[in-house]
Amino acid sequence: MTDLDAFRADTRAWLEANCPPEMRQPIRSEADMCWGGRNWVFASDAQKRWLEVMAERGWTVPDWPRDYGGGGLTPEQAIVVKEEMARIGARQPLYSFGISMLGPALLKFGTEEQKRHYLPQIARGEIRWCQGYSEPGAGSDLAGLQTKAEDKGDHWLVNGQKVWTSYADKADWIFCLVRTSSDSKQGGISFLLFDMETPGVSTRPILLISGNSPFCETFFDDVKVPKDQVVGEVNKGWDVAKYLLGHEREMISGMGLGGGGSLGAQVQPADPLLRAEIAAFDVDALAFQAMSERFTALWKAGDAHPASPSVMKYAGTELNKRRNELVMAAGGSEALEWDSERSNGGKAPRDWLRSKGNSIEGGTSEIQLNIVAKHILRLPGA
Amino acid sequence: MTLLTDDHKMLQATAAGVLADEGSIAKQYRHWRDTHCEDGFGHALWERFGELGLNGICIPERHGGLGLGATEAALVLEEIGRNLTPSPFLTTAVVAARAIDGTGHAERWYPGVLAGEAVLALAIDEGPRHAPEQTALEARRQGNGFVLNGRKQFAVQAASADMIVTAARTSGEPGDRHGITLFAVPRDAAALENVDLADSSKAARLTFEDVALDADAVIGEVDGGWAPLSRALDAGRAGAAAELVGVAAGAAAMTFDYLRTRKQFGKAIGEFQALQHRAAHLYCEIEIARAAVLKAAQLIDSGDERAELHVAVAKAKAEEVASLAAREGVQMHGGIGMTDEHDIGLYLKREAVLGELFGDVYYHRNRVAELSDY
């Protein structure tokens, strides 16, 4: 038995003993997804216990160092944990922008003090983070952002507005791009962390076409932020921002995997033309999954092209939109029900409408193609 | 998914070097086409493959091969595809070599294959579309042997072959998997029409009229040919998919170069976003297809039961992407892309033939649906 086989056996036994049966059921609604944070209300005791035992073992973030609340696992071991969780249908114990976005950026750019302070809170699900990137005038042209942070000696004074801030109304802290200099567009941006309860911060949810409000407008009116809450150097926040965007794009691209499993097997299309379209989709989805696995392996080996998250994000989100279109077609008139219990609160049409944002958020498909054209193909003028 | 090892990268570099030079479009594809070669490929390069050991990739070590697998074959085939090199490598060294593996025919044919002297072919299809379970060619027992009657088509390089692995029906009805038997049919046993295909490669139509074969012509078990045939065909599908990825990558590289150099309206046409986005989309698709092929090959090599599904995915995806690359290549080249003088149009032709080989995109999408229970 190799060390990895032994690790797998231990992992399997531990999960068997510690993953509550309720946490092995498929996710039915938003409440089944645990986001943690100061104001989180656990949907069940099992949800709470699952987060606690996983955090205790460092397995909310299996491959982060132990000193920062992680499991200290090798990439291979972390994959084993993922596979063994999938084997029993275990839910992810914690959904977190801290894990998927801020954490990797702190690990790369944070000071030792920042890592020891923020990362364990993220790993334990104590602080829920939101992302302050886009502004009304800075969407695809993100570096054109205008939210200002003035150096007031002992603190930064932040004024401005963010938009598309995911779950800002539920988050405890924000990681935020601010303008600290107007001398240079990309070279005048800093990466700031602050508490959403700081006086002067307010949020307003945005109602989407899906009927839900996962995003907010966020306003900063003379918000005082301590000086040591900058990540990386002042005016060098664009490097942190881009690195984090790579992780965000990778995370969003995961939607292309559609939770695994064949769409055709799930919807059993009776119409031969729809079956043909769905088979074409399943080919693309399985091929995308292969690329996702290869990308993950390359990334961990340090051999991935830095622009490859753009490839993943573009392909994955376009695929997820297509999947939702086909789910709607297969569901027929029943997929149009908006509120009924029968339709799980209109899950199909709401997911379909929500998916339209996948190829916009985190950089539009067109921006990803620009990045591929410029940084990978090196086409002139791109 | 496992990444390529250093050994893989060395093999890849060797194949890339040899094929870009000795296997180039000018030295092989155009040369054999323009000299009206009956084989449609060059024997010297085939022998060179033998010297380099490439022909032994799918042949077990105890027979003098390298005992490697689909992954390594895919690396070579991507380079063959990139250069549009006409070669017996896929049918002879990958598919036929696998079909006779573990049978008495291995010893007879492996030495010639390893040396790049023997060429083996496959006779599977009987209609215009790939449907191996529909095999109808009749093999009736007679005395100590069999008599074959029926016809085959799209038998790639069969006119150049020393032996043709032929699927025949010894029992049951077309559509049954049981009752198919593989035969080693010697050269000249069946009447043969050598057919030129669109990409200047050759595939034969074969007519069997009371062709008598000894019992030892049977490859494997009588009536039990489906399993080894499927395994050999899946190796061929993964291989054709790898070659298609090479075709796509070759066409794309040529096209991206053109976008960087061709000037209109006073600037490189690659500066136009209308073309940049299509080029970037194509790049993404090729990356996806390459990963799908690598995954299928690795699953074949590890004997994983999911191999069948992923081979179908790889073949369907690779054909789709190679077609996109060739079509976009011709369109983005504009008028010059329509001329025989330019190489880009050749990719369109090769893609069409490889796409059809061992089942096209529709065949494999349907397989994915069937294997996924819908």
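Q: What is the expected span of a helix?
A: The expected span is 1.5 Å times one less than the helix's number of residues. Keep that rule handy for this predicted model.

Q: What makes the reach of helix α1 of chain B close to the expected one?
A: Put the two values side by side. α1(B) runs over residues 6-21, 16 residues in total, and at 1.5 Å a residue the expected reach is 22 Å. From its first C-alpha to its last, the model gives 23 Å, so the two are close.

Q: Which residues of α1(B) are buried?
A: Leu11(B), Ala15(B) and Leu19(B). To earn that word, a residue needs 20 or more other C-beta atoms within 10 Å of its own.

Q: How do you know on which side of α1(B) they sit?
A: Look at the arc around the axis: the buried residues cover only 55°, which puts them on the same side of α1(B). That fits a general rule: an α-helix has 3.6 residues a turn, so residues three or four places apart point the same way. Part of what covers those buried residues is α4 (70-82) of chain B.

Q: And what about the other side of α1(B), buried or exposed?
A: Over there, Asp6(B), Lys9(B), Met10(B), Ala13(B), Gly17(B) and Asp21(B) are exposed. For that label, the neighbor count has to be 12 or fewer.

Q: Why are β6 and β7 of chain B said to pair?
A: Pairing takes at least two bridges. Strands β6(B) (191-196) and β7(B) (202-214) have six, in the antiparallel sense, so they pass. One of the partnerships joins Asn194(B) to Ala204(B) in β7(B). The two strands form a hairpin with five residues between them, and in the turn Ser200(B) has a positive phi of about 70°.

Q: How does the radius of gyration of chain A compare with that of a compact globule?
A: It agrees: a compact globule of 382 residues would come in near 21 Å, and chain A has 21 Å. Its C-alpha atoms fill a box of roughly 65 × 45 × 45 Å along the principal axes, and 43% of its residues count as buried.

Q: Which residue class is most of the side of chain A that touches chain B?
A: First, the contacts: 35 residues of chain A meet 33 of chain B. α8(A) gives the most to chain A's side, with 16 residues. By class, that side has 25 nonpolar, four polar and six charged residues, so most of it is nonpolar.

Conventions:
Residues are numbered from 1 along each chain as its sequence is written. Chains are lettered from A and ligands numbered from 1 in the order in which they are written. This is a predicted model: local features need pLDDT of at least 70, side-chain atom pairs count only at pLDDT 80 or more; totals for chains, interfaces and linings use all residues. Helices (H or I, at least four residues) and strands (E, at least two) are DSSP runs, numbered from the N terminus. The arc is that of the directions from the helix axis to the C-beta atoms. Two residues are in contact if their C-beta atoms, placed from the backbone, lie within 7 Å. The radius of gyration is taken over C-alpha atoms; the globule rule is 2.2 Å times the number of residues to the power 0.38.
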